[in-house]
Each structure stands twice: as structure tokens, then as C-alpha cells.
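Here is a short report on one protein model. Look over the sequence and the coordinates first.

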Amino acid sequence: MNMFSKLFKKKDEEAEIQTKGSVEEFVTLIRVYYQAVMAVQLGITNLNILSDMALFKRMLKIPTQNNKLGIAEKSKARKVLMQDYGLNEDFFKEIDASVKKNCKSQNDIKSYFIMFQGFNNDLFSLLDSLMKWKFRFSMLVKKLLYAQTQKTIHEILTRSEWKEVSVQKVAWKIRKYQETLGYSEQWMTDFVYHVVLMAKEDAKKQRKADK
């Protein structure tokens, strides 16, 4: 799952949102939503510091609402994510609350994304290690994939002891990230499930294309 290490890293300005239903599109839309929330909450007026939102705004020709960056872009990104990926309002409310809690000024944006990056790297790495065979098997049934993801995340956040010290250390780091970021088990499950599902489907499409 090395591809997940790229989550939330700055994209090239000339990049385009990838094919609908791909992990790249999903992650890009999530980044756009985060940046839009930051623009609204922090009153950001310089579009250049929000590269993903800027690209999203230009591509879809989204007009600035009420002379404030982020309002229209946030609404559009949320609408696409809800319609195309089935995310609910609670998912976005948790992002809003997390940004509000951790970003008091524009200077906090970079540190927030660094923290979120660390959270994702550790979480996906540990999940890959704990669920390797389950990922392969459960992809046959989406409900099973979701249930296994939910079960494993719950275990990471509640299990007190692990056989391997390295696993225990990573689990503790994830709990610390979760506490600081303020995300629930449900949010983590929904986020991970969609990223893994899209990544697996991307891999399937690539295998077909290579034949």
C-alpha cells in the first residue's frame, strides 16, 4: 500500500482529477474538501495556497460565493462525495470539527496536513499488515470488506496488548493521532473502506488493461 503514502501531498498544478471512481479522484476530492473548510474557517483569500481547491475551482468553473473562498467549493466537493461515494453528513461534520479544533490560523495548515499524513501512513500500513489476506478475500463482498475494516480499526483503537512490540507501538501512535484529530471509529472506517475499495478496483482495472 505504498500508494497511500502520497495522501494529501501537494499535487502538480497541471494535474487533472482522475477518472471517476478511482482512488486518486476520491483522495483529491477529500483534499479539496479539507482545503475548502480551511478557507471558510480561516478566512483565506489567497487561492494559491490551496492548490487542490484552486485546480478544482478552475476545472469546474465554480464561481466564488459571497466573495468568500471555500463556500461554493466546499458545497460542491461534499455533493460529489455524497453522490458518487455514498458518504453521509456526519463524515463531513467530523472533518469540519477536526479542522476547527486544530487550525487556529493559516500557519497551522501545513502542520495539520503533516499530522494527517502521519495518521494515514501508520493506519494504512498497520491495516495492510493485519488484514492482508482478509483484504484479498473480502473484496469479493463489499459488506464483508466493510465489516472486516470496522472490526480491525476497533481492535487497533481498543486492544491493550499485541504480540509484536512494533505493532503495539504503531497502534498507540494511531490512537494518539485519533485523539488529536478528533475522528471517530465510524469516520475512520468509512474513510479507509472507500480508499481501499477504490484502490482495489483501480488495480483490477490495471490488470485488465495490461492483458
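## Confidence

pLDDT is the predictor's confidence in each residue, from 0 to 100. This is a predicted model, in which local features need pLDDT of at least 70, side-chain atom pairs count only at pLDDT 80 or more, and totals for chains, interfaces and linings use all residues. Residues are numbered from 1 along each chain as its sequence is written, and side-chain values use heavy atoms, with hydrogens and water left out.

The protein has a mean pLDDT of 86, and 82% of its residues reach 70 or more. Confidence is highest in helix H4 (residues 89–102), at a mean of 97, and lowest in helix H6 (residues 132–138), at 60. The pLDDT falls below 50 over residues 1–8, a stretch with 26 contacts (heavy atoms within 4.5 Å) beyond near neighbours in sequence. It is also below 50 over residues 10–19, where the model has 17 such contacts. Where pLDDT is low, the predicted coordinates should not be read in detail.

## Overall fold

The secondary structure comes to nine helices and zero strands. Helices are DSSP runs of H or I with at least four residues, strands are runs of E with at least two, and both are numbered from the N terminus. Along the sequence the pattern reads α-α-α-α-α-α-α-α-α.

Of the 211 residues, 46% count as buried. Buried means under 20% relative accessible area, exposed over 50%, and partly exposed in between (1.4 Å probe, protein chains only). The accessible surface comes to about 11,600 Å² (Shrake-Rupley method, 1.4 Å probe), and 51% of it belongs to carbon and sulfur atoms. Among contacts between residues at least 6 apart in sequence, 66% join residues at least 24 apart.

## The nonpolar core

A nonpolar core is a set of buried Ala, Val, Leu, Ile, Met, Phe, Trp, Tyr and Cys residues joined through side-chain atoms within 4.5 Å. The largest one holds 62 residues, of which Phe 26, Tyr 34, Tyr 112 and Trp 187 touch the most other members. Helices H1 (23–42), H2, H3, H4, H5 (108–130), H7 (142–158), H8 and H9 (185–210) each give two or more residues to this core. H1 gives the most, with 13 residues.

What does Phe 26 touch, leaving out residues up to four places away in sequence? Its partners are Leu 81, Tyr 85, Leu 87, Phe 191, His 194, Val 195 and Met 198.

## Helix H8

H8 covers residues 165–181, 17 in number. Its expected span is 1.5 Å times one less than its number of residues. That gives 24 Å, and the end C-alpha atoms are 24 Å apart, which agrees. Buried residues in H8 are Val 167, Gln 168, Ala 171, Ile 174, Tyr 177, Gln 178 and Leu 181. An α-helix has 3.6 residues a turn, so residues three or four places apart point the same way.

Gln 178 is buried, with a relative accessible area of 18%. Beyond its neighbours within four places in sequence, Gln 178 contacts Phe 119, Leu 157, Tyr 183, Ser 184, Glu 185 and Met 188. Just after H8, Gly 182 takes a positive phi of about 85 degrees.

## The loop between H2 and H3

Two residues that are not glycines have positive phi here: Lys 61 at about 50 degrees and Asn 66 at about 55 degrees. Lys 61 lies in the loop between H2 (51–60) and H3 (71–85), and Asn 66 is found there too. Lys 61 is exposed, with a relative accessible area of 70%. Asn 66 is exposed as well, at 57%.
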